[in-house]
Amino acid sequence: MSHFPINRDETPQDTMSDQSITRTVAYGRVHDLQTINVTTLTPRSDGYWVIFIRGGAWRDPAITSASFNTTESILREKGLPISGFASISYRLSAHPNYPQDPTNTAPKDFRDAKHPDHIRDVEAALAFLQNTYGFGSRYILIGHSCGATLAFQAVMGAVSHHREQAFVGSTENPDNSIGFVSASPGPLPPALTAQPTAIVGVAGIYDLRRLRDTHANISAYHEFIEGAFGADEVLWDGVSPAQMAGSRGVEGGWRSGRLAVLAHSKEDELVDESQVEAMKEALKNWEQNQAQIPKEELSHGDRRVRVLSISGAHDEAWENGEQLARAITFAFEQLQEMGLAP
């Protein structure tokens, strides 16, 4: 996998008094979906990058990285301390409504990704952004639906860098491992230089098996989970942020993290509220422990987990952008209260 920029499009934009450049860059050469929409703003040392991971059940080609455009436009008018925006595209699994013929589809266009392809791409994109723009831990990672899964997987002890481990016993004692569940072929992406300060999950999927069981009468749930992760339900648990505790969960993996926001709408017709409840429970120990931060930062190590109620159907959050922007603005307000943002 390559980690260098390829400028595919570059569009100057004027918003209020800011000069900005929006471009599409490639972070890999394996697939044409390995791109990032990047908007750079006026540099500021106290600002944060806002990085979005789209949803679409790991497979929907109709939901693209451009789904963040409306939200970005709203946020640019709010005067928040933002240094840049990025919206990550990643390889997709097959979708029955968008069939492809492998005999006449170029490999770079063929959608047949399987875990860990999706999370590998997200990590490669984040590493590319960090290496290119040097923002360290000053970024907020936002994910919608399965994008929220990917955001939290990126900081899970057992999933980041694709080292999923099986376990015996109960989910309350998951540190009894019995070895790797899956191996990731090929070279791994570069390690992140720093983890995000905050993660915002919007309409997020945090427990794969719970989602399937809650909607057992709708076969599509089982189909898209199996399409992305295979039939082994032990692996489903091992990559679910709300299932893994201890060293293999977010608790053990996101050591420098400070804020987690879980946003959900009661009107969401696709992802039920039990996903948020399960993730909030999984984050309890993480919130109670102090963040590991460099001594030179002279900052406290307090953490927060906040649940935010939003409105609208599942995809309305990004379609009109208002609720997604509200969740991100709420995260900035929390960081300001914590003394971590101006």
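User: Is arginine 91 buried or exposed, and what is its relative accessible area?
Analyst: This is a predicted model. Arginine 91 is found in the loop between strand 5 (82-88) and helix 2 (117-133). Buried means under 20% relative accessible area. Arginine 91 therefore counts as buried, with a relative accessible area of 10%.

User: Which residue's side chain does arginine 91 join in a polar contact of 2.8 Å?
Analyst: Arginine 91 is a buried residue. Its side chain has a polar partner at 2.8 Å, and that partner is aspartate 121.

User: Which residues does UniProt list for "active site"?
Analyst: The UniProt entry is unreviewed. The listed residues are spread over 170 residues of sequence, yet they cluster in space, with a largest C-alpha distance of 10.7 Å. They are Ser145, Asp268 and His314.

User: Which residues of this set does the lining of the largest cavity take in?
Analyst: The UniProt set is Ser145, Asp268 and His314. From this set, the lining of the largest cavity takes in Asp268 and His314.

User: Where is serine 145 found, and what is its relative accessibility?
Analyst: Serine 145 sits in the loop between strand 6 (139-144) and helix 3 (146-153). Leaving out residues up to four places away in sequence, it touches Gly55, Val202, Ala203, Gly204, Ile205 and His314. The cut-off for buried is under 20%. Serine 145 counts as buried because its relative accessibility is 6%.

User: Which side chain does histidine 314 contact at 3.0 Å?
Analyst: Histidine 314 lies in the loop between strand 11 (304-310) and helix 10 (316-319). It is buried, with a relative accessible area of 5%. Beyond four places in sequence, the residues it touches include His144, Ser145 and Asp268. The polar contact of 3.0 Å is with the side chain of serine 145.

User: How many residues of helix 3 are buried?
Analyst: The buried residues of helix 3 include Cys146, Leu150 and Gln153. Helix 3 is largely enclosed by the rest of the structure, because the buried count is eight of the eight.

User: Why is the pair of phenylalanine 152 and tyrosine 206 edge-to-face?
Analyst: The structure holds 12 aromatic pairs. In this one, the ring centres of phenylalanine 152 and tyrosine 206 are 5.8 Å apart. Planes over 60 degrees apart count as edge-to-face. The pair is edge-to-face because its planes stand at 80°.

User: How many residues apart in sequence are the parts that phenylalanine 152 and tyrosine 206 tie together?
Analyst: Both phenylalanine 152 and tyrosine 206 are buried. Phenylalanine 152 lies in helix 3, and tyrosine 206 in the loop between strand 9 (198-202) and helix 4 (208-214). The pair therefore ties together parts whose separation in sequence is 54 residues.

User: Which residues do ring pairs link into a cluster?
Analyst: There are 12 aromatic pairs in the structure. Ring pairs link a cluster made of Trp49, Tyr133, Phe135 and Tyr139.

User: What share of the chain's residues count as buried?
Analyst: The chain has 11 helices and 11 strands. Among contacts with a separation of 6 or more, 74% come from residues 24 or more positions apart. Of the chain's 342 residues, the buried share is 57%.

User: Over which residues does pLDDT stay under 50?
Analyst: The mean pLDDT of the chain is 88, and 85% of its residues reach 70 or more. One stretch under 50 has 54 contacts beyond four places in sequence. Another has 55 such contacts. These stretches are residues 1-17 and residues 163-186.

How values were computed: Residues numbered from 1 in each chain as written. Heavy atoms only, no water. UniProt positions renumbered as here; feature names shortened; annotations may be inferred. 1 Å grid on protein atoms, 1.4 Å probe; cavity = no way out; pocket = protein on both sides within 12 Å on 5 of 7 lines; lining within 4 Å. Helix = DSSP H or I, 4+ residues; strand = E, 2+ residues; numbered from the N terminus. Buried < 20%, exposed > 50% of the residue type's maximum accessible area, 1.4 Å probe, protein only. Contact = heavy atoms within 4.5 Å. Polar contact = N/O pair within 3.5 Å; in protein donor to acceptor, adjacent residues only side chain to side chain. pLDDT = per-residue confidence, 0-100. Phe/Tyr/Trp six-rings, centres within 6.5 Å; stacked < 30°, edge-to-face > 60°.
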